Amino acid sequence: MEFDDFIIGRDDLILITGATGFIGSKLVQGLLKSGFRNLRCFARPSSKLERIEALCDRRPAGAHVEVFRGNLLSREDCLAATKHVALIFHLAAGRGEKSFPDAFLNSVVTTRNLLEASLRHGCLRRFVNVSSFAVYTNRKKLRWRLLDESCPVENDPWLRGDAYCYAKAKQDEIVVEYSKRTGIPYVIVRPGYVFGPGKTNITGRVGISTFGIFLHLGGSNPVPLTYVDNCAEAIALAGLKKNVDSEVFNVVDDALPTSRQFLGLYKQHVKRFKSLYLPHFVSYALCYLWERYSDWSAGQLPPVFNRNHWHAYWKKTRYSNERLRTRLGWKPKVPMAEGLRRYFEACRDAQPYA
Amino acid sequence: MLKVGIVGCGKVADEHASQIQRIKGCEIVGVCDREPLMARQLYERFAVKRYFSDLMEFLGQAKPDVVHITTPPQSHFDIAKRCLELGCHVYVEKPFTLYGEEAERLIALANERRLKITAGHDDQFRPAARRMRALVESGFLGTGPVHMDSYYCYELGQSDYAGALLGDKGHWVHRLPGKLLQNIISHGIARIAEFLVTDSPHIIADGFTSPRLRDMGETEIIDELRVIISEEERTTAYFTFSTQMRPSLHEFRIYGAKNGLILDQDQETLIKLRGDRFKSYVEKFLPPAILAAQYLGNLKTNMRNFIRSDFHMKAGMKYLVESFYRSIVENTSLPIPYREILLTARIMDAIFGQLDAQRLARRPILRVGRAANPVEATSVASRFRASASRSRAL
Ligand SMILES: NC(=O)c1ccc[n+]([C@@H]2O[C@H](COP(=O)([O-])OP(=O)(O)OC[C@H]3O[C@@H](n4cnc5c(N)ncnc54)[C@H](OP(=O)(O)O)[C@@H]3O)[C@@H](O)[C@H]2O)c1
């Protein structure tokens, strides 16, 4: 990494939220490796610190890693955590939350608190908002079309029936809204499915495990994977590179496997289990029926499967990392085959489930 | 058209909004949360008319007839009081208030203003619970209840809740007088309170922190609770709250002098227990067949309700809200008598009071099998019995 191309110097203070998480810890590791010497990692009192502590133990001489204990839901904590901060990588999010208000609280209210706190200090040079592919609607395009940064995001994201999608779409919205109103510089990074050691589940884009059988829904769709180290590097570059303010970057690796290939490899290298392939027209019809039934029965079955969901997750789509490469000079350092090998190995050790 | 408002726009408010929207003759005219973003998200997803972040503005401008209070329990009393003072009927989520005395004051205020108030004990209005009530009212038990057994368990391990709650000492649950218990047990206690006839049963409570939580470094939160409730030497009840036992039951058993009933909330089944016995070996063969037939009957009922699209997970809440609204519009009796709300609150006060006293006294709590020798076990047991006889009558 060339420091001349960056908006901050190696001793400027960087705040990383979600630093204890799957991607956040890799980001901290990457920043330390690139020579940044002043990092503040935001962690909740209940956060597990092993990953961060391991990094602190191995940090280069002269590097300072502070673990800030607090909750982004507290405005005071946000104010204290953003003091003197030049760059924020905001990865914290309510990821496992099934309820809309909980996901919203931990993604949107937290983001607003951080933005407001940063404004109070007035020293922030960029806010990197880590979003997700989940926000794209993918509804209007014909099959086999490209999903890139120019594609529309969900207008009414709650209709997807997915709390995460709703919260992430609203999180992006509030960042843009604040930037328009206050001029806070931002970049949005939207990773596809991030995989690597530390995760054991199979992405819903491949299929879902239900009533003891795995329904394979992806078929020949490419799966928008990005290996966690590659993704962390893309996020770092999006925060550091000059002249990319207000841009959006999608993150996917090269040589994406199809859903069928991924599932085959998983079964071969991790664990054998039964799966049933549902062709696209069947999964679409089922989603349609579920949606209608959910409507008709006033939510006796929650509207978690619906046509919007199908378009976003199971419609055949191509992905591109062109903008990442051209604007940020990013290249996936860990090739797909190697990433999958490490992932499957870790899955095997972690007693996975399908 | 009954105008409804919701104060507190978290997870529970979503359930209220969904159920209210299924009820004819009412509309949500406004939602309110101190955090405007939270109010906005509920407003946006449920196509509510307006959202507010100030309670007085909400009450003044949206002018709701009924307000649902779905905020953390610490604020229930103040918000409910203000709503009543401004002429709104109130539905307060469980736990109704922090203390029995607050419950009394709210009910007195509602009576004084000729308004209605209810508690969110919606589990008592689920389909099987309603069938149980009807049977008890029809005299199926033969007499009033002789004994009740209420299990209300909670799977702490299933959620990230444990980690978040234990790690964050600032979590509002830590500030409740009864901590975790207070936020959960009222459903199970209210079930017993419904069938008690006096206002001052004896309460003996014993609680402790489970080994699992202790291993996680927790000493304050009690997540295992056993309670004995008895009134005038005629009706007794056991209440069990556990985070550790499996299955994690939500069950209620009620026995009269003639027959008994078992309500399983998770499976939505109601089983009749015959008091009479069959002769000789018939007792070994016929009752299992009768039970099997009853379970099949429950299956049929559940399926029928599902097919009719009347089997929502929150069916109890819809029924309770609908009944509450009806009692307002038609000025009929309330779905939950005030006596029951007050008794539930008082029993909870007594439980938390005893647990506090136990903690302060730091006396060893009876744990059978834990004592170093049988003599010690006996002496602890006798102390427990002695404390039982001294236990507070409400
Ligand atoms: N993983 C993926 O496949 C993927 C794909 C696309 C986008 N993303 C995005 O990437 C980001 C990181 O994802 P991840 O997979 O690394 O998630 P993760 O492992 O679940 O980490 C989430 C982090 O957010 C923190 N957090 C949540 N609520 C918080 C609050 N109120 N205050 C402070 N911290 C809070 C968590 O802290 P605790 O440690 O205390 O829980 C945790 O460190 C998220 O924004 C996610 O939406 C992920």
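The two exercises below deal with the contact of chain B and chain A and with the surroundings of R126(B) in a predicted model.

Residues are numbered from 1 along each chain as its sequence is written, with chains lettered from A in the order in which they are written. Local features need pLDDT of at least 70 and side-chain atom pairs count only at pLDDT 80 or more, whereas totals for chains, interfaces and linings use all residues, and side-chain values use heavy atoms, without hydrogens and water.

**Exercise 1.** Describe the interface of chain B and chain A, beginning with its extent.

Solution. Contact (heavy atoms within 4.5 Å) involves 25 residues from chain A and 23 residues from chain B. The two chains bury about 1800 Å², of which 59% lies on carbon and sulfur atoms; buried area is the accessible area (1.4 Å probe) lost on putting two parts together, summed over both. In chain B, the residues that lose the most area to chain A are L37(B), E44(B) and R45(B), together 29% of what that side buries.

Next come the salt bridges, each a side-chain nitrogen of Lys or Arg within 4 Å of a carboxyl oxygen of Asp or Glu. The rule finds 3 of them across the interface, and in one salt bridge the side chains of E35(B) and R112(A) meet at 2.6 Å, N to O.

**Exercise 2.** Is R126(B) buried or exposed, and which residues are in contact with R126(B)?

Solution. R126(B) has a relative accessible area of 15%, so it is buried (under 20%, against over 50% for exposed and in between for partly exposed, with a 1.4 Å probe and protein chains only). Leaving aside neighbours within four places in sequence, R126(B) is in contact with Q265(B), E268(B), M313(B) and G316(B).
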